[in-house]
Amino acid sequence: MSSKTSIWLAFFLNLSFSVVEFIFGGIFNSSAVLADAVHDLGDALAIGLSACLETISNRQEDKRYTLGYKRFSLLGAMLTALILLTGSFMVLLENIPRLLSPQPVNYQGMLWLGILAILINLLASLIVRKGQTKNEAILTLHFLEDILGWLAVILVAGVLYVTDWYFLDPLLSLLISSFILWKAIPRFWSTLKIFLDAVPEGIETAELEKELAALANVKSVNQLSIWSMDGLEKNAIVHICLEDWSQMVETKDAVRHLLRDRGVHNITIEVDASQSNHAKHKRNVHDLEHLSGHHHHHH
């Protein structure tokens, strides 16, 4: 199976599951099943949105999006996280009162629904397991999570067969929602930071600036901007002042080398000659500028 097919299969499975769960969760009066419905809806959206937006994000940059389409892949993650957060908060608010005054649930229905769900999930994860792309590895994880969630539902239904501890149902739904929030909040936060052009994680700007300033022939670092379009590829704009203009090429290479070591690959370097050498090189620089509007600003 191609990775596309398995992704869409996972999408339809999760989507139809969440619809079935919303319906039966209502019929069986089980808030745990409803909480799981939110989880599955989130999964379906995550898979569907990332599949759609992935194709857009791989487009080459054009006149309308000169920085490229990389950020579209983040959009899916962002929307999914938001939907999961909203859904889980609603489930939490709904179930705290239910925990205090538990209502009877149809545990037989829960049990059968759980067994059916696990069978379908196992089947789906077997189909997807063959794929090895990063996306499919994540899908397998989704299926695993679903199976664990359903095992918990079956366990609760089993206990309810023997006892009448109906509070276990809202308790489980609170656990499921908390689990979703625990995973979705950090994801949302890191995506948001990339959206706001924060310095990518793992890079200390102050440190990096010191290292750049310490390079031979660098008099000062006037600007250092680092950002990422998609959280994977890092970009930088560096503006440095040189001691000796004749060493420009070597210095630029040194700067590139240093940044590449930090995982920054799209680098724009702007160079100025320092004041002391300015008189000596004035004619030289002037000719350069004359030749091309900005000869020393190359990508």
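This report covers model confidence, the residue Tyr 69 and a nonpolar surface patch.

The model is predicted: local features need pLDDT of at least 70, side-chain atom pairs count only at pLDDT 80 or more, and totals for chains, interfaces and linings use all residues. Residues are numbered from 1 along each chain as its sequence is written, and side-chain values use heavy atoms, leaving out hydrogens and water.

**Confidence.** The average pLDDT (the predictor's confidence in each residue, from 0 to 100) is 83. A score of at least 70 is reached by 86% of the residues. Residues 278-297 fall below 50. That stretch still has 17 contacts (heavy atoms within 4.5 Å) beyond near neighbours in sequence. Where pLDDT is low, predicted coordinates should not be read in detail.

**Two residues.** Buried means under 20% relative accessible area, exposed over 50%, and partly exposed in between, with a 1.4 Å probe and protein chains only. Helices are DSSP runs of H or I, at least four residues, numbered from the N terminus.

| Residue | Location | Relative accessibility |
|---|---|---|
| Tyr 69 | loop between helix 2 (31-57) and helix 3 (72-100) | 4%, buried |
| Phe 24 | helix 1 (residues 3-27) | 31%, partly exposed |

**Around Tyr 69.** Beyond four places in sequence, Tyr 69 contacts Ile 56, Ser 57, Arg 59, Gln 60 and Asp 62. The side chains of Tyr 69 and Asp 62 share a polar contact of 2.5 Å. Asp 230 is 161 residues away along the chain, yet its C-alpha atom is 9.0 Å from that of Tyr 69.

Note on methods: Helix = DSSP H or I, 4+ residues; strand = E, 2+ residues; numbered from the N terminus. Polar contact = N/O pair within 3.5 Å; in protein donor to acceptor, adjacent residues only side chain to side chain.
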